[in-house]
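Here is my note on this model, set out as numbered points. Keep the structure open and find each residue as you read.

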Amino acid sequence: MQSRLDPQVDEWIDGLVEPVQAIVKRLRGVVFEAYPEIEEEIKWSKPSYSKEGLVCYMQTAKSHVNFGFYRGTELEDRNGLLEGDGKKMRHVRIRKADEIDEEKLKFLIWDAVDLNRK
């Protein structure tokens, strides 16, 4: 199935500075590798991804990106990546593009979609 890249997300990414831009580009690739047909849009002023419900998002800061999961408290975090203390959401804080473990993040994405299917 064809990936559906949202042009608004392209514009949002173009406005970012390094190292945050490189991190976001790599994370976006990971999301679409996990689910090429996932829906991408700007929601609440950040890239958000949905498949049968909300899955994940990217929240940028000056020197890092929080790769968040809307139902993060319900995920099986086998690798201990998730941080946060909200009632539902959790995130993985990423400071450098080369520290992204694509396979571990894909497991979280797949788990998030599986939750939406239940």
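1. Start with a charge over a ring. Lys46 lies over the face of Tyr57, and the distance to the ring centre is 5.3 Å. Lys43 offers another case: its charged end sits over the ring of Trp44, 5.2 Å from the centre. Bear in mind that this is a predicted model.

2. Now stay with the rings. Trp44, Tyr57 and Tyr70 form one aromatic cluster. The count of aromatic pairs comes to five. One of them is Tyr57 with Tyr70, a tilted pair at 5.0 Å centre to centre, with 50° between the planes. This pair links distant parts of the chain, 13 residues apart: Tyr57 is in strand β3, and Tyr70 is in the loop between β4 and β5. Both Tyr57 and Tyr70 are buried.

3. Compare the geometry of Phe67 and Phe69. Their ring centres are 5.2 Å apart and their planes meet at 80°, so this pair is edge-to-face. The cut-off for that label is an angle over 60 degrees. Phe67 and Phe69 are both buried.

4. Next, the strands. β2 (residues 46–50) and β3 (residues 54–60) run antiparallel and are joined by three bridges. Look for Ser50, which stands opposite Leu54 in β3. The hairpin of β2 and β3 has three residues between the strands, and Glu52 there takes a positive phi near 60°.

5. β3 also pairs with β4 (residues 65–69). The sense is antiparallel again, over five bridges. Gln59 has Asn66 in β4 as its bridge partner. Four residues make up the hairpin connection from β3 to β4.

6. Check the length of helix α2. It has 15 residues, and at 1.5 Å a residue it should span 21 Å. The end C-alpha atoms are 21 Å apart, so expectation and model agree. Many of its residues deserve a look: the buried ones are Val20, Gln21, Ile23, Val24, Leu27, Arg28, Val30, Val31, Phe32 and Ala34. A general point helps in reading such a list: an α-helix has 3.6 residues a turn, so residues three or four places apart point the same way.

7. Is Arg28 buried or exposed? Arg28 is buried, because its relative accessible area is 9%, and the cut-off is under 20%. Arg28 belongs to helix α2 (residues 20–34). Its side chain makes a polar contact of 2.6 Å with the side chain of Asp10. Leaving out residues up to four places away in sequence, Arg28 touches Leu5, Asp6, Val9, Asp10, Ile13, Glu40, Tyr49 and Met58.

8. Glu37 is another charged residue to inspect. It is found in the loop between α2 and β1 (39–43). Its relative accessibility is 18%, so Glu37 counts as buried. The side chains of Glu37 and Lys51 are joined by a polar contact of 3.1 Å.

9. Finish with helix α3 (residues 102–117). Its 16 residues should span 22 Å at 1.5 Å a residue; the end C-alpha atoms are 23 Å apart, which agrees. The buried residues of α3 include Leu105, Leu108, Ile109 and Leu115. Lys106, Asp111 and Asn116 are also on the buried list. What do the buried residues of α3 pack against? They pack against α2, β3, β4 and β5 (90–94).

Methods
Residues are numbered from 1 along each chain as its sequence is written. This is a predicted model: local features need pLDDT of at least 70, side-chain atom pairs count only at pLDDT 80 or more; totals for chains, interfaces and linings use all residues. Side-chain values use heavy atoms; hydrogens and water are left out. Helices (H or I, at least four residues) and strands (E, at least two) are DSSP runs, numbered from the N terminus. Buried means under 20% relative accessible area, exposed over 50%, partly exposed in between (1.4 Å probe, protein chains only). A polar contact is a pair of N or O atoms within 3.5 Å; within protein, one must be able to donate a hydrogen and the other to accept it, and residues adjacent in sequence count only if both atoms are side-chain atoms. Contact means heavy atoms within 4.5 Å. The expected span of a helix is 1.5 Å times one less than its number of residues. Two strands pair if DSSP finds at least two bridges between them. Rings of Phe, Tyr and Trp (its six-membered ring) pair if their centres lie within 6.5 Å; planes under 30 degrees apart count as stacked, over 60 as edge-to-face and the rest as tilted. A charge sits over a ring if NZ of Lys or CZ of Arg is within 6 Å of the ring centre and within 35 degrees of the ring normal.
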